[in-house]
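Q: Can you walk me through this one? I have the sequence and the structure open.

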Amino acid sequence: MSTVSLESFRAEIDRLRADATAALDAAGRDDAFEKARIEFLGAKSGRLKAIQKLLGGLAAADRPAGGKHFNEAKEAITAALVQAQSRLAGGVAEVEAIDVTLPGDPVRIGHLHPITQTIRRVQEIMARLGFESVDGPEVEDQWHNFEALAIGAEHPARDPLDNFYLAVARGTDPLLLRSQTSTVQIRVMERRKPPLRIVSLGRVYRPDTADATHYPMFHQVEGLLVEPGTTMAHLKSVLRLFASSFLGGDVHVRFRPSFFPFTEPSVEVDMEWGGRWIEMGGAGMVDPAVLEAVGYDPATVSGFAFGLGVERIAARRYGVADIRDFYKNDVRFLEQF
Ligand code: PHE
């Protein structure tokens with residue numbers, strides 16, 4: 001018994017065919033294409049599938065005609081689908097064409113900051129003279145930054161206006177950002193027995209107003225040698241060897257009398273290179289009071305210490321007139337080193 005008339009079956013198919021081709025022709029590169037494919041040609045619940053099921057409801061005599069009509073529609077819809085597919089694929093290829101044989105965009109490779117380069121170079125030169133590189137903390141206590149270095153409680157160098165004391169109190173012993181790398185001399189001597197040859201490079205902090213030769217943070221290179229029989233002559237020889245290795249052969253080193261609480265005698269160290277004398281830092285023989293403070297016997301060992309400004313020697317070597325340039329991080333400046 002037929003439940004569907006051939007006419008209504010054909011009408012149904014024609015509507016489906018019109019809907020399907022219209023939707024597929026209009027589909028763009030969004031998900032409209034995929035939606036249309038599922039709606040009309042979906043294997044489980046697509047509209048074409050639903051109509052195919054109606055075929056069985058036609059009178060037996062109408063089935064061949066109905067089947068033919070159905071097949072034509074199916075072909076037309078499938079053709080519209082294939083056409084839409086290639087239209088969309090063509091569009092994609094045009095927009096996203098990539099020539100994989102072209103060289104890629106080069107990755108920008110930087111290099112070490114000139115101050116870091118200077119630090120490495122100083123470490124290398126000093127290593128050849130037998131000095132081991134060591135590190136110390138940047139947050140220090142009163143003992144290592146002042147007391148063990150014979151800088152007493154009333155010394156002006158401890159003035160809060162000349163130091164970055166930290167707000168975090170630790171009992172009665174306030175902490176501060178170290179104002180000099182001489183702290184590392186103490187830390188190493190406390191841990192080790194002589195003989196010693198160490199060098200320590202790192203940041204120090206002082207509340208200075210920034211100008212061409214000052215900055216609230218800068219770097220120092222600290223050298224310490226403790227061996228029996230050490231004299232000022234050894235100190236000057238080491239500094240001269242260092243200076244001529246770092247700056248070039250024709251460097252002169254000059255000592256001027258000075259004072260530091262932790263060295264005796266004490267000197268200012270100047271270097272002359274290319275016709276100009278520049279003050280590079282301080283030095284001297286380690287004061288017997290300092291040797292005693294760390295448990296050494298001043299009767300059997302002596303030593304020398306020096307502290308130079310890393311920015312100063314870097315500026316001298318590279319011809320930089322204003323040390324603030326080291327910290328602006330302007331790539332046009334940094335690229336030159
Ligand atoms: N620590 C001293 C300063 O910062 C420099 C120095 C180091 C002097 C070692 C003598 C010996 O000024």
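A: Here is a tour of the sheet, the helices on it, the ligand site and a few odd residues. Keep in mind that this is a predicted model.

Q: Start with the sheet. What is the strand order?

A: The order is 1-4-5-9-8-7-6. That makes an open sheet of 7 strands, and the pairing is mixed.

Q: Which strands stand at the edges?

A: Strand 1 (132-133) and strand 6 (252-260). Each has a single partner strand, so one side of each is left without a neighbour in the sheet.

Q: How do strands 7 and 8 run, parallel or antiparallel?

A: Antiparallel. Strand 7 covers residues 263-273 and strand 8 covers residues 276-286, with 9 bridges joining them. Trp273 has Arg276 in strand 8 as its bridge partner. Val269 is partnered by Gly281, also in strand 8.

Q: What about the turn of that hairpin? How many residues sit between the strands?

A: There are 2 residues between the strands. Gly274 in this hairpin has a positive phi near 65°.

Q: And what does strand 8 do with strand 9?

A: They run antiparallel as well, joined by 5 bridges. One pair is Ala283 with Phe306, the latter in strand 9.

Q: Is strand 8 mostly covered or mostly open?

A: Mostly covered. Of its 11 residues, 8 are buried.

Q: OK, helices. Which strands does helix 7 lie across?

A: Helix 7, residues 182-191, lies across strand 4 (196-205), strand 5 (217-227) and strand 9 (302-309). Its angle to strand 5 is about 40°.

Q: And which strands does helix 10 touch?

A: Helix 10, residues 310-318, packs on the sheet and touches strand 4, strand 5, strand 7, strand 8 and strand 9. Its direction makes about 145° with that of strand 8.

Q: Which residues of helix 10 are buried?

A: Val310, Glu311, Ile313, Ala314, Ala315 and Arg316. Just after the helix comes Gly319, with a positive phi of about 70°.

Q: Switching to the ligand. Which residues come nearest?

A: Gln180, Ser182, Arg206, Gln220 and Gly307, out of 14 residues around the ligand.

Q: What polar distances do you have there?

A: Gln180 puts a polar side-chain atom 2.8 Å from a ligand nitrogen. Ser182 has a polar side-chain atom 2.9 Å from a nitrogen of the ligand. For Arg206, an N or O atom of the side chain is 2.9 Å from a ligand oxygen.

Q: How much of the ligand's accessible area does the protein cover?

A: The protein covers 91% of it. On its own, the ligand has 320 Å² of accessible area.

Q: Thr181 caught my eye. Where is it?

A: Thr181 is in the loop between strand 3 (176-177) and helix 7.

Q: Buried or exposed?

A: Buried. Its relative accessibility is 0%, and the cut-off for buried is under 20%. Leaving out residues up to four places away in sequence, Thr181 touches Ser200, Gly202, Val204, Gln220, Val221 and Glu222.

Q: And Lys44: buried or exposed?

A: Exposed, with a relative accessible area of 76%. Lys44 is in the loop between helix 2 (32-41) and helix 3 (47-54). Leaving out residues up to four places away in sequence, Lys44 touches Lys49 and Lys53.

Q: How far apart are the C-alpha atoms of Lys44 and Val290?

A: They are separated by 92 Å. Along the chain, Lys44 and Val290 are 246 residues apart.

Q: Now backbone oddities. Where are the cis peptide bonds?

A: One runs from Pro194 to Pro195, with omega near 5°. Pro195 is in the loop between helix 7 and strand 4. Another runs from Glu264 to Pro265, with omega near 0°. Pro265 is in strand 7.

Q: What about positive phi in residues other than glycine?

A: Ala150 has phi near 65°. It lies in the loop between helix 6 (142-145) and strand 3, and at 35% relative accessibility it is partly exposed. Asn329 also has a positive phi, about 55°.

Q: Where is Asn329?

A: Asn329 is in the loop between helix 10 and helix 11 (331-334). At 52% relative accessibility it counts as exposed.

Note on methods. Residues are numbered from 1 along each chain as its sequence is written. This is a predicted model: local features need pLDDT of at least 70, side-chain atom pairs count only at pLDDT 80 or more; totals for chains, interfaces and linings use all residues. Side-chain values use heavy atoms; hydrogens and water are left out. Two strands pair if DSSP finds at least two bridges between them. Helices (H or I, at least four residues) and strands (E, at least two) are DSSP runs, numbered from the N terminus. Contact means heavy atoms within 4.5 Å. Axes are lines fitted to C-alpha atoms, for helices over the stretch in contact, and angles run from 0 to 180 degrees between N-to-C directions. A residue is near a molecule or strand if one of its heavy atoms lies within 4 Å of it. A polar contact is a pair of N or O atoms within 3.5 Å; within protein, one must be able to donate a hydrogen and the other to accept it, and residues adjacent in sequence count only if both atoms are side-chain atoms. Accessible areas come from the Shrake-Rupley method with a 1.4 Å probe; for residues, only the protein chains shown count as cover. Buried means under 20% relative accessible area, exposed over 50%, partly exposed in between (1.4 Å probe, protein chains only).
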